[in-house]
Amino acid sequence: MTPDIIIAPSILAADFANLAAEAEAVEGAADWLHVDVMDNHFVPNLTIGPPVVESLRRATGIPFDCHLMIEDPKRWAPAYAQLGACNVTFHAEACDDPVALAKDLRAAGTLAGLAVDRDTPIEPYLELLPHFDTILVMTIKAGFGGQAFMPELLAKVRAARRHAKAGHLDIRIEVDGGIAADTIEAAALAGADAFVAGTAVYGAHDPAEACRKLRALAQAAVARQTTSDSGGTTV
């Protein structure tokens, strides 16, 4: 058995003038819709906020994976849970008490995620993982789409996966940044099981087919690794 794979297309790469149609384009192929919320303070870019999320929530049934690249997430994060997000992730660098905010998010009815940016060591946060449902490892610098994947950051994914296995934790390990057909296998082999893909999906002629292709690549990589780890023979 291979673990369930989550494919989360990022609407940061979608046509902002047609977000409802862009969501519809991945219906049935995507597991989550990744919503990048940027405030022009924590990161230099400015994207969308609660009003757009609320409108888009009415237009699609795909669960929302809201990634808050914002200052003061304690103030704003619960609102995204109340708007119907499935998973709300905030940055460790922006929060003084991540565990307390995770409890608030779970109490509001959503999964709680913790993100670590490119230059942030993951080790100080590993002991917090039992309080979270998702750990998001940035494989680029947070703030802009279209950046090149940084394979050296997969060391954080491997560290998180080792810690999760040792503690028998039920946690998603999500990667965000430069995920495409030529990078998703390495991320899956490192231990990721949730994959944010922007340009690789919305830059494709058929976004739904792009999601299916990414899922198949990740599943195949995990299956090969599982077979190898169990002492079987891979083809």
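Which residue forms a salt bridge with E209? Keep that in mind while you read; the reply comes in point 6. A quick word before we start: this is a predicted model, so read my notes as comments on a prediction.

1. **A buried acid.** Let's begin with D65, which sits in strand β3 (residues 64-69). Here's the odd thing about D65: this residue is buried, yet it has no salt bridge. The nearest side chain of opposite charge belongs to R172, and that one is 10.0 Å away. A salt bridge needs the nitrogen and oxygen within 4 Å. The D65 side chain does have a polar contact, though, with the side chain of N87 at 2.9 Å. Leaving out residues up to four places away in sequence, D65 touches A8, W32, L33, H34, V35, N87, T89, E174 and V196. Find D65 in the viewer and have a look at those neighbours.

2. **Strand β1 and its partner.** A8, one of the residues that D65 touches, belongs to strand β1 (residues 6-9). In this strand, I6 and A8 point one way while I7 and P9 point the other way. Which are they, buried or exposed? All of them are buried. Strand β1 runs parallel to strand β8 (residues 194-197), and four bridges join the two. To see one of these pairings, look at I7, whose bridge partner in β8 is F195.

3. **The nonpolar cores.** F195 turns up again in the largest nonpolar core, which has 67 residues. Together with I11 and L33, F195 touches the most other members of that core. The element that gives the most to this core is helix α8 (residues 207-229), with six residues. Apart from this core lies another one, made of eight residues, including V43, M69, A115 and M138. As background, nonpolar side chains tend to be buried together in soluble globular proteins. As for L33, its contacts are P9, I11, A23, V26, L56, I62, P63, F64, D65 and Y202, again without residues up to four places away in sequence. So you meet D65 from point 1 here as well, since D65 is on the contact list of L33.

4. **A residue in a short stretch of helix.** Next, try A200 in helix α7 (residues 199-202). A200 counts as partly exposed because its relative accessibility is 24%, and the partly exposed class lies between 20% and 50%. How far apart are the C-alpha atoms of A200 and A181? They are separated by 7.5 Å, although the two residues are 19 apart along the chain. The residues that A200 touches are I179, A180, A210 and L214, not counting those up to four places away in sequence.

5. **Two positive phi angles.** Two residues deserve a look at their backbone. D72 has a positive phi of about 55 degrees although it is not a glycine. You'll find D72 in the loop between β3 and α3 (73-82), and at 41% relative accessibility it is partly exposed. H168 also has a positive phi of about 55 degrees, and H168 is not a glycine either. H168 is in the loop between α5 (154-166) and β7 (172-176). With a relative accessibility of 73%, H168 counts as exposed.

6. **Salt bridges.** How many salt bridges does the structure hold? There are nine. In one of them, the side chains of R215 and D31 meet at 2.8 Å, N to O. R215 is in helix α8 and D31 in the loop between α1 (19-24) and β2 (33-38), so this pair ties together parts that are 184 residues apart in sequence. R215 is buried at 18%, whereas D31 is partly exposed at 24%. Another salt bridge joins D104 to K74 at 3.3 Å. D104 is in helix α4 (residues 98-107) and K74 in helix α3, so to speak 30 residues apart. Now back to the opening puzzle: the partner of E209 is R212, with the closest N and O atoms 3.1 Å apart. R212 and E209 are three residues apart in helix α8, which means about one helical turn separates them. R212 is partly exposed at 41%, and so is E209 at 40%. Finally, R161, R172 and D193 are joined into one network by salt bridges that share partners.

Notes: Residues numbered from 1 in each chain as written. Predicted model: local features only at pLDDT ≥ 70, side-chain atom pairs only at ≥ 80, totals over all residues. Heavy atoms only, no water. Buried < 20%, exposed > 50% of the residue type's maximum accessible area, 1.4 Å probe, protein only. Lys, Arg positive; Asp, Glu negative; His and termini not counted. Polar contact = N/O pair within 3.5 Å; in protein donor to acceptor, adjacent residues only side chain to side chain. Contact = heavy atoms within 4.5 Å. Pairing = 2+ DSSP bridges. Core = buried A, V, L, I, M, F, W, Y, C linked by side-chain atoms within 4.5 Å.
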